[in-house]
Amino acid sequence: MLTRRMFAVAAIAAIAMPSLAFAQATTPPAATIERQLEAAPMKKLRPNERVTIREFKRRPDLRRMAPSIDIQSINFEFGSAAIAPSQYGKVEIIADALHRILRRDRGARILIEGHTDAVGSFKSNQVLSERRAASLKRTLVGEFGVPSFALETVGYGEEFLLVPTQQENWRNRRVTLRRFDDFVR
C-alpha cells in the first residue's frame, strides 16, 4: 500500500509540477553533440544556391537540411533567460564539443536557436526565445571561451514545437544547435 501511495504522489507531482520532468532531460555527451554537428548536410548546396545568414534563419527548408541537435537540459526559470551558474556544467559540455569542432575547422558556424512552449502570448514567447539563445551565446563566449564569430543566434518562440500542444511541455523549451557554414555565402 505504501508503494502505491508513493507512486500516486510521484504521478501527481509530475502532473502538477512539469518542471520536474524538465529537470530529467540530460545533456548529450560532447562527443554526441560533436558527431551530430559534423554530420554531412542532407543536401549540399552549390555556391550559387547559398544564402545570407539572415535568409538561412528565415528558411525552415534549409535549416532542416543542416546538421543539428536539440538541447533540452538547460533549465531556465519560468519567464527568464538567465543561465544560472548551477547550469554551467551542462553549458561546458556544449562548449567542449564546439571547441573540438572549431579546432578542426575554423570556418565552422553554429546557429543557436531558442524555442519555447506555447504557454503565454506569441510575442512574449518570441522575445523570450531570442533572449535565451543570446544568453547561451553570452555564456559560451564569456565563461567558456567559445569564439563569438562562430556563433549566431535566433529565436523562434513557439513556432516550431516538438510536441504540438498549447499546454506547458518541457520538450518544447529547448535550444537547437545547427551548423550552417555549408549553407551561407
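**Strand 4, side chains**

I started with the side chains of strand 4 in this predicted model. Arg174, Thr176 and Arg178 point one way, while Val175, Leu177 and Arg179 point the other way, and all of them are buried (buried means under 20% relative accessible area, exposed over 50%, partly exposed in between, with a 1.4 Å probe and protein chains only). I reminded myself that side chains in a regular strand alternate between the two faces of the sheet. With 6 of its 6 residues buried, strand 4 is largely enclosed by the rest of the structure.

Notes to self on the ground rules: local features need pLDDT of at least 70 and side-chain atom pairs pLDDT 80 or more, while totals for chains, interfaces and linings use all residues. Residues are numbered from 1 along each chain as its sequence is written, and side-chain values use heavy atoms, with hydrogens and water left out.

**The sheet around strand 4**

Next I looked up the partners. Strand 4 pairs with strand 1 in the antiparallel sense over 4 bridges, and I found Ile69 opposite Leu177 there. Strand 4 also pairs with strand 2, again antiparallel, over 6 bridges; in this pair His115 stands opposite Arg174. (Pairing takes at least two bridges found by DSSP; strands are DSSP runs of E, at least two residues, and helices are runs of H or I, at least four, numbered from the N terminus.)

Strand 2, residues 110-115, pairs with strand 3 in the parallel sense over 5 bridges. I noted Glu113 opposite Val154 of strand 3.

Put together, I get an open sheet of 4 strands in the order 1-4-2-3, with mixed pairing. Strand 1 (68-71) and strand 3 (151-155) are at the edges with a single partner strand each, so one side of each has no neighbour in the sheet. Neighbouring strands are turned by 20° against each other on average, direction ignored.

**Helices on the sheet**

Helix 3 (residues 30-37) lies across strand 1, strand 2 and strand 4 (174-179), and runs at about 145° to strand 1. Helix 7 (residues 122-144) packs on the sheet too, touching strand 2, strand 3 and strand 4, and its direction makes about 160° with that of strand 3. (Axes are lines fitted to C-alpha atoms, for helices over the stretch in contact, and angles run from 0 to 180 degrees between N-to-C directions; contact means heavy atoms within 4.5 Å.)

**Glu158**

What is the nearest side chain of opposite charge to the buried Glu158? I found Arg132, 11 Å away, and Glu158 has no salt bridge. (That would need a side-chain nitrogen of Lys or Arg within 4 Å of a carboxyl oxygen of Asp or Glu; Lys and Arg count as positive, Asp and Glu as negative, and His and the chain ends are not counted.) Glu158 sits in the loop between strand 3 and strand 4. Leaving aside neighbours within four places in sequence, its contacts include Thr116, Asp117, Ser121, Phe122 and Asn125.

**Thr26**

I then checked Thr26, in the loop between helix 2 (19-22) and helix 3. Thr26 has 66% relative accessibility, so I put it down as exposed. Its C-alpha atom is separated by 8.4 Å from that of Ile71, 45 residues apart along the chain.

**Whole chain**

I count 7 helices and 4 strands, running α-α-α-α-α-β-α-β-α-β-β from the N terminus. Buried residues make up 44% of the 185 residues. Among contacts between residues at least 6 apart in sequence, 81% join residues at least 24 apart.
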